[in-house]
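Student: I am new to this structure. Can we go through it by asking what the words mean and how each claim is backed?

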Amino acid sequence: MRLPDSAHTDRPWRIHEVARDFELEDVWSFRAPGAGPDDFPVMLEAIRASGGFARQAPPVRFLFAVRWKLGALLGWDRPRTGLGSRVRPLRDRLPGDLRDTVDDSAPDGSPFTPVYRLRDEDVREIANGTVHGVMHLGWAPAPAADGGYELRMAVLVRPNGLVGRLYMAFITPFRYLIVYPMLTRQWERAWRERGARAAARS
């Protein structure tokens with residue numbers, strides 16, 4: 001479900017001090033019925049066990065395949081457009097207590113590079129010829145009517161000039177109508193299946 005920007009900006013997450021020069025593009029929530037304040041690692045593990053970022057629904061895989069083809073054609077994904085070349089990685093600006101909180105040596109099928117992880121935050125970044133983007137996963141109390149906790153995903157970007165802004169505007173309907181709804185079904189199902197497995201073992 002799409003959330004107002006305040007659902008991200010009002011939380012005391014560390015990403016605010018690390019990515020002050022990024023624009024908040026999207027905020028989305030994923031329900032986790034029965035989750036408690038310490039279940040963020042459990043949710044992340046449920047997502048990983050379900051296939052993680054590498055496993056997507058066919059329509060989403062198709063959209064990403066088109067994106068990679070366009071990127072190859074237009075040179076958006078050349079090494080000189082990425083982290084450490086066109087842009088400085090976020091990890092270079094982390095304060096000492098956030099460094100070495102993730103292991104980026106083990107690929108998980110995601111095009112994103114881990115930045116840091118805390119008890120209620122997981123941050124990854126990507127850069128190419130269109131944007132420098134950040135995906136922030138946060139753990140927060142769900143609305144009072146639902147109770148418990150929920151996963152919130154925020155997308156922050158620094159567009160690369162006019163090309164980047166046009167690109168972000170172009171993909172907006174695809175994000176809202178296809179990518180995020182299908183990601184919601186996948187991740188919320190991962191949480192439910194984790195609960196079913198736990199119940200079967202007890």
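Student: Which residues touch the most other members of the largest nonpolar core?

Tutor: This is a predicted model. Its largest nonpolar core has 27 residues, and those that touch the most other members are Phe30, Leu137, Trp139, Leu151, Met153, Tyr180 and Trp187. Five elements give two or more residues to this core: strands E1 (23–31), E4 (131–141) and E5 (149–159), and helices H3 (40–49) and H5 (161–201).

Student: Which element gives the most to this core?

Tutor: H5 does, with nine residues.

Student: What makes a set of residues a nonpolar core?

Tutor: The members must be buried residues of the kinds Ala, Val, Leu, Ile, Met, Phe, Trp, Tyr and Cys, and they must be joined through side-chain atoms within 4.5 Å. In soluble globular proteins, nonpolar side chains tend to be buried together.

Student: What does methionine 153 contact, leaving aside its neighbours within four places in sequence?

Tutor: Methionine 153 is in contact with Asp26, Val27, Trp28, Phe30, Met135, His136, Leu137, Tyr180, Leu183 and Trp187. Apart from this core lies another one, of 15 residues. Val18, Leu94, Val134 and Ala154 are among them.

Student: Why is histidine 8 called buried?

Tutor: Buried means under 20% relative accessible area. Histidine 8 has 3%, so it is buried. Its place is helix H1, residues 6–9. Setting aside neighbours within four places in sequence, histidine 8 contacts Trp13, Ile15, His16, Leu24, Val27, His136, Ala154 and Leu156.

Student: How do you know whether leucine 3 is buried or exposed?

Tutor: Apply the cut-off of 20% again. Leucine 3 has a relative accessible area of 14%, so it counts as buried. Leucine 3 sits in the segment before H1. Beyond neighbours within four places in sequence, its contacts are Val27, Trp28, Ser29, Glu150 and Arg152. Leucine 3 and glycine 161 are 158 residues apart in sequence, and their C-alpha atoms are 27 Å apart in space.

Student: And proline 4, buried or exposed?

Tutor: Exposed means over 50%. Proline 4 has a relative accessible area of 51%, so it is exposed. Proline 4 is also in the segment before H1. Its C-alpha atom is 8.5 Å from that of aspartate 26, with the two positions 22 residues apart along the chain.

Student: Why is proline 141 called partly exposed?

Tutor: Partly exposed covers the range between the cut-offs of 20% and 50%. Proline 141 is at 33%, so that label applies. Proline 141 lies in strand E4. Not counting residues up to four places away in sequence, proline 141 touches Arg11, Gly148, Tyr149, Glu150 and Arg152. The C-alpha atoms of proline 141 and alanine 35 are separated by 9.3 Å, and the two are 106 residues apart along the chain.

Student: What makes aspartate 100 exposed?

Tutor: The cut-off is over 50%. Aspartate 100 has a relative accessible area of 73%, so it is exposed. Aspartate 100 is found in the loop between helix H4 (58–74) and strand E2 (113–117). Its phi is near 60°, a positive value in a residue other than glycine. Aspartate 100 and glutamate 150 are 50 residues apart in sequence and 26 Å apart in space, C-alpha to C-alpha.

Student: How do you know that the radius of gyration agrees with that of a compact globule?

Tutor: The rule is 2.2 Å times the number of residues to the power 0.38. With 202 residues, a compact globule would have a value near 17 Å. The protein has 17 Å, so the two agree. Its C-alpha atoms fill a box of roughly 50 × 40 × 35 Å along the principal axes.

Student: How many helices and strands are there?

Tutor: The protein has five helices and five strands. Along the sequence they follow the pattern α-α-β-α-α-β-β-β-β-α.

Student: What percentage of the residues count as buried?

Tutor: Of the 202 residues, 45% count as buried. The protein exposes about 10,800 Å², and carbon and sulfur atoms supply 57% of it.

Student: What share of the contacts join residues at least 24 apart?

Tutor: That share is 66%, taken among contacts between residues at least 6 apart in sequence.

Definitions and conventions:
Residues numbered from 1 in each chain as written. Predicted model: local features only at pLDDT ≥ 70, side-chain atom pairs only at ≥ 80, totals over all residues. Heavy atoms only, no water. Helix = DSSP H or I, 4+ residues; strand = E, 2+ residues; numbered from the N terminus. Buried < 20%, exposed > 50% of the residue type's maximum accessible area, 1.4 Å probe, protein only. Contact = heavy atoms within 4.5 Å. Areas by Shrake-Rupley, 256 points an atom, 1.4 Å probe, with all protein chains shown as cover.
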